[in-house]
Amino acid sequence: MTKHTITRQSGTILGETYGCDCGAHLAGRMAAEVHAAEHHQCSVCLGSAEEEPAPGLTRPCTSCAGTGRRREQITWQLAHAEAERLITPAVVRGVVDAFAGPFRLSEVADAVRDGFGLPPGRLPVGPRVRDLLLELQSAGEITMVSAPDELIDGTDVVLFRDPQWQRARTLGI
Ligand SMILES: [Zn+2]
Ligand SMILES: [Zn+2]
């Protein structure tokens, strides 16, 4: 079976070009994504199974759960949509209200997963809960109390592995 892992080649005066393991030359990101989809590769990482959130930093592609495959990408997209439907701001707020002191993202995610009886890995609970906690944070309901775990030198990228928040009204008591 021919492999169709696509890699970006150095940008030229004509823009970005991509090359595939099968020998295809692809002019531009759009052509690369079409070729990836045609050959059942993830259209985000183009089959490499990795993403580069900052230059020189790679991690497993979050769109296809690090598989590089289109099927997993689609499954994961559906799972993200289901998580969004199931886990509402009210759900997360209800969990957060039960914490008197600081709480971690992982603790809230575990409580939500338990509440719905979801086995680990079934839905992207963590990313969904993180997005909702960030929303509560920007609404001023909770405050982040942990420092970022990792600042990537020379970029604006900040990685939070397991951030910690506290309810705003409990601060200073
Ligand atoms: Zn190819
Ligand atoms: Zn991918």
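This section describes the two zinc sites, one helix pair and two buried residues of a predicted model.

The protein contains five helices and ten strands. Of its 173 residues, 31% are buried. Where contacts join residues at least 6 apart in sequence, 45% of them link residues at least 24 apart.

The zinc ion (ligand 1) is held by two histidines and two cysteines: His4 through ND1, Cys20 through SG, Cys22 through SG and His35 through NE2. The coordinating atoms are found at 2.0 to 2.3 Å. Because the angles subtended by the four donor atoms run from 103 to 115 degrees, the arrangement around this ion is tetrahedral. Along the chain, the donors follow the spacing H-x15-C-x1-C-x12-H. His4 belongs to the segment before β1 (6-12), whereas His35 is part of helix α1 (residues 29-38), so this pair ties together parts of the chain that are 31 residues apart in sequence. Both His4 and His35 are buried.

The zinc ion (ligand 2) has four cysteine donors, namely Cys42, Cys45, Cys61 and Cys64, each contributing its SG atom. These donors lie 2.2 to 2.4 Å from the ion. The site is tetrahedral, with angles of 103 to 116 degrees among the four donor atoms. The donor residues are spaced C-x2-C-x15-C-x2-C in the sequence. Cys45 is located in the loop between α1 and β4 (50-54), and Cys64 in the loop between β5 (57-60) and α2 (70-86); the pair therefore ties together parts that are 19 residues apart in sequence. Cys45 has a relative accessibility of 6% and so counts as buried. Cys64 is likewise buried, its relative accessible area being 0%.

The loop between α1 and β4 also contains Gln41. With a relative accessible area of 14%, Gln41 is buried. When residues up to four places away in sequence are not counted, Gln41 touches His4, Ala36, Leu46, Gly47, Gly68, Arg69, Arg70 and Gln73. One of these contacts, His4, is a donor to the zinc ion (ligand 1).

A further element of the model is the packing of two helices. In general, two packed helices are described by the angle between their axes and the distance between the axes. Helix α3 (residues 89-97) packs against helix α5 (residues 125-138) at an angle of about 75 degrees, and the two axes are 10 Å apart. Helices α3 and α5 are therefore roughly perpendicular to each other. The residues that meet are Pro89, Val92, Arg93 and Val96 from α3, and Val129, Leu132, Leu133 and Leu136 from α5. By class, seven of the residues in this contact are nonpolar and one is charged, with no polar residue present.

Arg113 is situated in helix α4 (residues 105-116). Its relative accessibility is 16%, and Arg113 therefore counts as buried. Apart from neighbours within four places in sequence, Arg113 is in contact with Leu118, Pro119, Pro120, Val125 and Gly126. Val125 and Gly126 fall within the residue range of helix α5 (residues 125-138). Arg113 and Ile87 are 26 residues apart along the chain, and a distance of 9.5 Å separates their C-alpha atoms.

Technical notes. Residues numbered from 1 in each chain as written. Chains lettered and ligands numbered in written order. Predicted model: local features only at pLDDT ≥ 70, side-chain atom pairs only at ≥ 80, totals over all residues. Heavy atoms only, no water. Donors = N, O, S within 2.8 Å, 3.2 Å for Na, K, Ca; no water. Tetrahedral: all angles 85-135°; square planar, octahedral: opposite > 155°, others 65-115°. Helix = DSSP H or I, 4+ residues; strand = E, 2+ residues; numbered from the N terminus. Buried < 20%, exposed > 50% of the residue type's maximum accessible area, 1.4 Å probe, protein only. Axes fitted to C-alpha atoms, helices over the stretch in contact; angles between N-to-C directions. Parallel < 35°, antiparallel > 145°, perpendicular 65-115°, else oblique. Contact = heavy atoms within 4.5 Å. Nonpolar A, V, L, I, M, F, W, Y, C, P; charged D, E, K, R; others polar.
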